[in-house]
Amino acid sequence: MKSNIAITRALFELGIKPRFKGFSILVKVLELTTEDPSYLYKTTTDVYPKIAQQRGVKTASIERNIRTALYNAFFQTARTPLAAKLFPNTEDNDPPTNSEFISTVTLYLLTNDINSDTSNMA
């Protein structure tokens with residue numbers, strides 16, 4: 001499992017802002033999917049309901065909050081270099097779907113050691 005710091009850093013580098021509820025939800029989703037990648041195939045059936053129950057909200061709220069965070073990251077702010085690299089086809093089109101975003105970022109976290117320079121942050 002990637003640390004909260006690594007996940008948070010990746011979301012910042014993708015332009016996701018912590019002022020949106022979807023930010024903290026994405027941190028939790030990415031913790032689950034990096035810990036157990038099989039969750040990538042069960043996002044709407046297992047992951048969203050699990051987080052919704054923890055937060056005392058409906059599953060639809062979880063999906064909507066993630067979608068809002070992604071929309072704002074991809075269309076309300078300048079695209080970051082990492083977003084352009086991971087999602088090259090979203091410049092003039094729709095943002096990635098929640099599932100596309102979660103799977104792509106999970107694979108990015110699992111295959112890149114973005115946590116390597118966080119030891120100097122202490």
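This passage looks at helix H4 and at the nonpolar core of a predicted model. Residues are numbered from 1 along each chain as its sequence is written, and side-chain values use heavy atoms, with hydrogens and water left out. Since the model is predicted, local features need pLDDT of at least 70 and side-chain atom pairs count only at pLDDT 80 or more, while totals for chains, interfaces and linings use all residues.

Let's start with H4, which covers residues 59–76. Helices here are DSSP runs (H or I, at least four residues), numbered from the N terminus. The 18 residues of H4 should span 26 Å, because the expected span is 1.5 Å times one less than the number of residues. The end C-alpha atoms of H4 sit 25 Å apart, which agrees.

Plenty of H4 is tucked away: Ser61, Ile62, Asn65, Ile66, Ala69, Leu70, Asn72, Ala73 and Phe74 are buried, meaning under 20% relative accessible area with a 1.4 Å probe, protein chains only. Their cover includes helices H2 (21–35), H3 (43–55), H5 (81–86) and H6 (98–111). Asn65 counts as buried because its relative accessibility is 18%. Leaving aside residues up to four places away in sequence, Asn65 touches Lys21, Gly22 and Ile25, where a contact means heavy atoms within 4.5 Å.

Then there's the largest nonpolar core, with 33 residues. Such a core is a set of buried Ala, Val, Leu, Ile, Met, Phe, Trp, Tyr and Cys residues joined through side-chain atoms within 4.5 Å. Ile66 and Phe101 are among the residues with the most contacts inside this core. H1 (4–13), H2, H3, H4, H5 and H6 each supply at least two of its residues, and the largest share, seven residues, comes from H2.

Note on methods
Buried < 20%, exposed > 50% of the residue type's maximum accessible area, 1.4 Å probe, protein only.
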